[in-house]
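Subject: Structure handover, with notes on the ligand and the pockets

Hi,

Here is the structure I promised to pass on to you. Please have it open while you read the notes under it.

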Amino acid sequence: MLQQIQIAKTDLVFPLFVDETLLKKRAITSMPGQERYPVNQVGKAAQDLWDCGLRAILLFGIPKIKDAVASAAFEKEGVVQRAVRTIKNTVPDMAVITDVCACEYTDHGHCGIVGETRSGTDLLNDPSLEVMNRIAVSHALAGADVVAPSCMLDGMVGSIRSALDDEGFEDVLIMSYSTKFASAFYGPFREAAESGYAFGDRSTYQINPANAREAFLESQLDANEGADILMVKPAGFYLDILAEIATIGLPVAGYQVSGEYAMIKAAAQRGWIKEREAVTETLTSIKRAGADLIISYFAPDVARWMDEEQ
Ligand code: PBG
């Protein structure tokens with residue numbers, strides 16, 4: 001009765017990987033218990049999540065063909081666009097959030113268009129914004145409720161907001177990956193989404209973990225540009241940042257990323273920690289720090305544990 005923080009199923013968002021090259025589900029080895037889904041199985045996956053009480057999915061796509069300009073990311077028949085339509089046809093009330101980024105769709109693995117800059121080959125900000133606008137609009141056309149730009153480009157929220165509004169999608173929300181650190185904990189995700197990069201790293205557009213002031217400012221800027229939901233990623237090691245960003249006054253999501261998932265899983269598999277207790281503790285802490293939403297690969301497990309308790 002007196003416990004201050006309670007996790008609810010409606011706090012949780014489950015990240016789902018849809019792979020256009022698959023005919024059946026395929027395990028993700030660096031994330032035990034997680035799988036990539038073929039497009040024809042996402043309807044059932046969404047229904048199962050709905051049945052265990054979850055109400056929101058964050059979709060990532062793995063396309064058949066990658067190229068330098070991420071063409072497959074904004075096609076009408078692209079992997080995410082097809083998955084969104086399938087989910088919305090199967091479970092119309094499921095909140096469908098789509099990751100808007102190019103790194104799964106480019107052959108070089110960077111989050112947008114690359115070219116020569118004064119400091120060598122790197123992401124080009126403004127040409128990449130055009131790509132994000134097209135991706136976001138194509139997801140909205142397919143029926144996405146929320147688009148989630150994760151590319152950390154300057155001006156991405158403002159740019160996507162105008163692109164959506166111009167196409168009549170004023171009611172599609174933007175959940176910005178507003179404070180996204182250049183983190184070692186995305187390692188397993190890069191296997192899951194085949195989004196490793198061919199050269200360089202992402203430190204020119206993601207935030208240095210040592211920079212708290214910049215981390216706050218990035219979210220503040222996105223709030224000013226019209227973001228509806230802010231995000232801190234990874235969540236677990238950045239609770240101080242999350243608590244500060246919660247003061248901006250917009251809903252905040254904390255993303256418990258692939259590396260945080262893999263660490264808990266690996267230790268639990270060896271019997272070194274208790275999985276259920278460790279997961280509950282981490283999610284409770286993320287909420288205690290101020291998160292309204294928690295994106296976690298553990299979401300279906302947590303929902304199941306809640307049912308067992310009743
Ligand atoms: C970029 C993106 C990444 C993650 C979510 N969106 C990878 C990256 O920035 O390198 C990582 C999520 C995770 O590790 O669980 N599209």
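Below is what turned up around the ligand and in the two largest pockets. One thing to keep in mind from the start is that this is a predicted model.

**The ligand**

Let me begin with the ligand, which sits in the largest cavity. It is surrounded by 19 residues, and the closest of them are Lys 180, Arg 190, Arg 202, Ser 258 and Tyr 297. Sorted by class, that shell holds ten nonpolar, six charged and three polar residues.

Which side chains have a polar atom close to a ligand N or O atom? Tyr 297 turns up again here: an N or O atom of its side chain is 2.5 Å from an oxygen atom of the ligand. Gln 206 also faces a ligand oxygen, with a polar side-chain atom at 3.0 Å. For Asp 99, the partner is a nitrogen atom of the ligand, 3.2 Å from a polar atom of the side chain. As for cover, the ligand on its own has 410 Å² of accessible area, and the protein covers 100% of it.

**The largest pocket**

Next come the pockets. The largest one holds about 360 Å³ of space. Its lining is made up of 19 residues, and those nearest the centre are Lys 25, Glu 35, Tyr 37, Leu 49 and Pro 300. Two strands, S1 (12–19) and S3 (35–37), each give two or more residues to this lining, as do the helices H1 (42–51), H8 (258–269) and H10 (299–309). Helix H1 gives the most, with four residues. By class, you will find nine nonpolar, seven charged and three polar residues in the lining of the largest pocket.

**The second largest pocket**

The second largest pocket has about 260 Å³ of space. There are 13 residues in its lining, with Ile 7, Thr 280, Val 302, Met 306 and Glu 309 nearest the centre. Helix H10 appears here as well: H10 and helix H9 (275–289) each supply at least two lining residues. The lining of the second largest pocket splits into six nonpolar, five polar and two charged residues.

If you want a place to start, try the ligand and its contact with Tyr 297, at 2.5 Å from a ligand oxygen. After that, helix H10 leads you to both pockets, with residues in the lining of the largest and of the second largest.

Happy browsing, and best wishes!

Terms used:
Residues are numbered from 1 along each chain as its sequence is written. This is a predicted model: local features need pLDDT of at least 70, side-chain atom pairs count only at pLDDT 80 or more; totals for chains, interfaces and linings use all residues. Side-chain values use heavy atoms; hydrogens and water are left out. On a 1 Å grid over the protein atoms alone, a cavity is a set of points where a 1.4 Å probe fits but cannot get out, and a pocket is an open set with protein on both sides within 12 Å along at least five of seven lines; lining residues have an atom within 4 Å of a point. Grid points are joined across faces, edges and corners, and a volume is the space filled by probe spheres set on the points. Ala, Val, Leu, Ile, Met, Phe, Trp, Tyr, Cys and Pro count as nonpolar, Asp, Glu, Lys and Arg as charged, and the others, Gly among them, as polar. A residue is near a molecule or strand if one of its heavy atoms lies within 4 Å of it. A polar contact is a pair of N or O atoms within 3.5 Å; within protein, one must be able to donate a hydrogen and the other to accept it, and residues adjacent in sequence count only if both atoms are side-chain atoms. Accessible areas come from the Shrake-Rupley method with a 1.4 Å probe; for residues, only the protein chains shown count as cover. A molecule sits in a cavity or pocket if more than half of its atoms lie within 2 Å of its grid points.
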